[in-house]
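Student: I have a model open and want to learn how to read it. Can we go through some local features together?

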Amino acid sequence: MKKTKNLWYTGKTAKLLFLAVLLACTVIVPVSAEDTPALFTPLEIQEIMTAGLVFSDVFNDSLYNSLDDSAKADYMATVLVCLSEPANRTAVSMNNVPGLLSTTMNQQAQILYQSRTNHILQQYIPSMYSTPLINRESIYYNVDTKTFTFRYSSGVLAMVKLVKDECCNEANESISFTKIQTSTLPDELLSDDTQIRAVSGDKALLIYDIDTTGSRLYNLEYVRDFLLENNPPVTSIIKQNPTVPEYRTLLSATVVSSGYRAVIISSHGDVYSLNLFTNYPSVTLCETTNDVKLDLYSEDLLQNRVGIVHQPEEADRFSLLPSFFEYYYSGNKLNGAYVHLGICKGFGDGLFVDNTLASKFTASGASVVTGYHKEVFIPYDHGMIKSISRNLANGSSLESSVNSAKAVHGDTGPNGEYIIVYGTGGWML
């Protein structure tokens, strides 16, 4: 059975009082008509930003980085408990965190973790986190994924990852994005005005990449070149680093208006675990958080269509939850398209396949969705999508294309990941 742990949650802190004053005195005007009116108070934005600073300080702490994964969970739980209590409360014992592996942790370790946590929090203005930031009852620790999921007191869903993803280690190879951009990408792809354009025929494949460095972009460009050389050619484009507002309409505009029939989402992914039975596979964007974007995206954040990811060695990022695709692409906006989720954990990572995310695409009109159960190794996904694309372009059905790809690259990847076909396996390009 999947090992998970119930925990707590909190947080009100503030590093920059100036930012709070500035936000209180400033009216932020949305940059486009797509952005919704701000619903956060300036203090709520300040709280989320400051909590991110606290997590960043933990990730950079020498004690934290010297611990094994179990002890890192103990340490982070201490931080979350401290953030869930007013700043003037006495030190919280780890024994007050139910269900964590630390139930047998010795008293000396408890004191050490608490001391380091207090040292970090002392850098922030006590009055700014005098009341809880995090809903204590919402904290949940997933041992399998080494993540804490919690809600800020405003209701915003967030995740703290204890360790950096292993699946992405080979994404950033020696080929820089600048080199690829100047040597392999057509000039037309460098202009925002020409990235979405009409197709010349009745077949099209949208290559939609979010990681613009290294092998990921290079391999997708390889797929694009192959499709253009097909007879008849399959027109394809690459859209790089889309933001939350761009994602609200990008897929439906491309599929319906421009006639693209297949969407490959090459991105990062993870799972928000609310409890043992409720999990939300999500698409993690490269778009990083800041106070202005928190304000502009407030409605999506408060409605849990967009979440926040705090992670080691990376800036805090936005992620798209299943309800995002359900909300923005309802009404058959995906118009029979094929969607490939080239992300980690797109079909979950537990004992059973999780169709939560994929079902939102089919409910929005997609005919079929493919993706991976568990954390996918990037080279494995690249090899699979190349083979699938070749076979689709040559007239094979999706199910046949997937089976051919597995015959070449294996039924499973190095992490035990395996591809899922959800929907109409007989779909053809």
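Tutor: We will take helices, a helix pair, and then some loop residues. Keep in mind that this is a predicted model.

Student: Start with helix length. What span does helix α2 reach from its first C-alpha to its last?

Tutor: Compare the end-to-end reach with the expected one. Helix α2 covers residues 42-59, 18 residues in total. Its span is 26 Å, close to the 26 Å expected at 1.5 Å a residue.

Student: Which residues of α2 are buried?

Tutor: Among them are Ile-45, Ile-48, Val-54, Phe-55, Val-58 and Phe-59. The buried list also has Gln-46, Glu-47 and Thr-50.

Student: Now α8. Where is the kink in α8 centred?

Tutor: Check the span, then the local bend. Helix α8, residues 244-257, has 14 residues and reaches 20 Å, close to the 20 Å expected. Yet there is a kink of about 35° in α8, centred on Leu-250. Leu-250 is itself buried, and so are Leu-251 and Arg-248. Just after α8, Gly-259 takes a positive phi of about 80°.

Student: On to pairs. At what angle do α4 and α5 pack?

Tutor: Look at angle, distance and handedness. Helix α4 (residues 69-83) and helix α5 (residues 107-121) pack at about 50°, their axes 9 Å apart. That angle makes α4 oblique to α5. The crossing of the two, α4 and α5, is right-handed.

Student: Which phi value does Lys-345 have?

Tutor: Look at the sign of phi, then the place in the chain. For Lys-345, phi is near 65°, positive in a residue other than glycine. Lys-345 sits in the loop between β12 (338-342) and α12 (356-363).

Student: Is Lys-345 buried or exposed?

Tutor: Buried means under 20% relative accessible area. Lys-345 has 5% relative accessibility, so Lys-345 counts as buried.

Student: Where does Lys-374 lie?

Tutor: Lys-374 is in the loop between β13 (368-373) and α13 (378-393). Phi of Lys-374 is near 85°, again a positive value in a residue other than glycine. At 32% relative accessibility, Lys-374 counts as partly exposed.

Student: Last one, a side chain. What lies 2.9 Å from a polar atom of the Ser-267 side chain?

Tutor: Place the residue, check its burial, then look for a partner. Ser-267 lies in the loop between β7 (262-266) and β8 (268-273). Its relative accessible area is 2%, so Ser-267 is buried. The partner is the backbone oxygen of Thr-284, 2.9 Å from a polar atom of the Ser-267 side chain.

Note on methods: Residues are numbered from 1 along each chain as its sequence is written. This is a predicted model: local features need pLDDT of at least 70, side-chain atom pairs count only at pLDDT 80 or more; totals for chains, interfaces and linings use all residues. Side-chain values use heavy atoms; hydrogens and water are left out. Helices (H or I, at least four residues) and strands (E, at least two) are DSSP runs, numbered from the N terminus. Buried means under 20% relative accessible area, exposed over 50%, partly exposed in between (1.4 Å probe, protein chains only). A polar contact is a pair of N or O atoms within 3.5 Å; within protein, one must be able to donate a hydrogen and the other to accept it, and residues adjacent in sequence count only if both atoms are side-chain atoms. The expected span of a helix is 1.5 Å times one less than its number of residues. The bend at a residue is the angle between axes fitted to the seven residues ending there and the seven starting there. Axes are lines fitted to C-alpha atoms, for helices over the stretch in contact, and angles run from 0 to 180 degrees between N-to-C directions. Angles under 35 degrees count as roughly parallel, over 145 as roughly antiparallel, 65 to 115 as roughly perpendicular and the rest as oblique. A crossing is left-handed if the near helix is turned anticlockwise from the far one by less than a right angle, and right-handed if clockwise.
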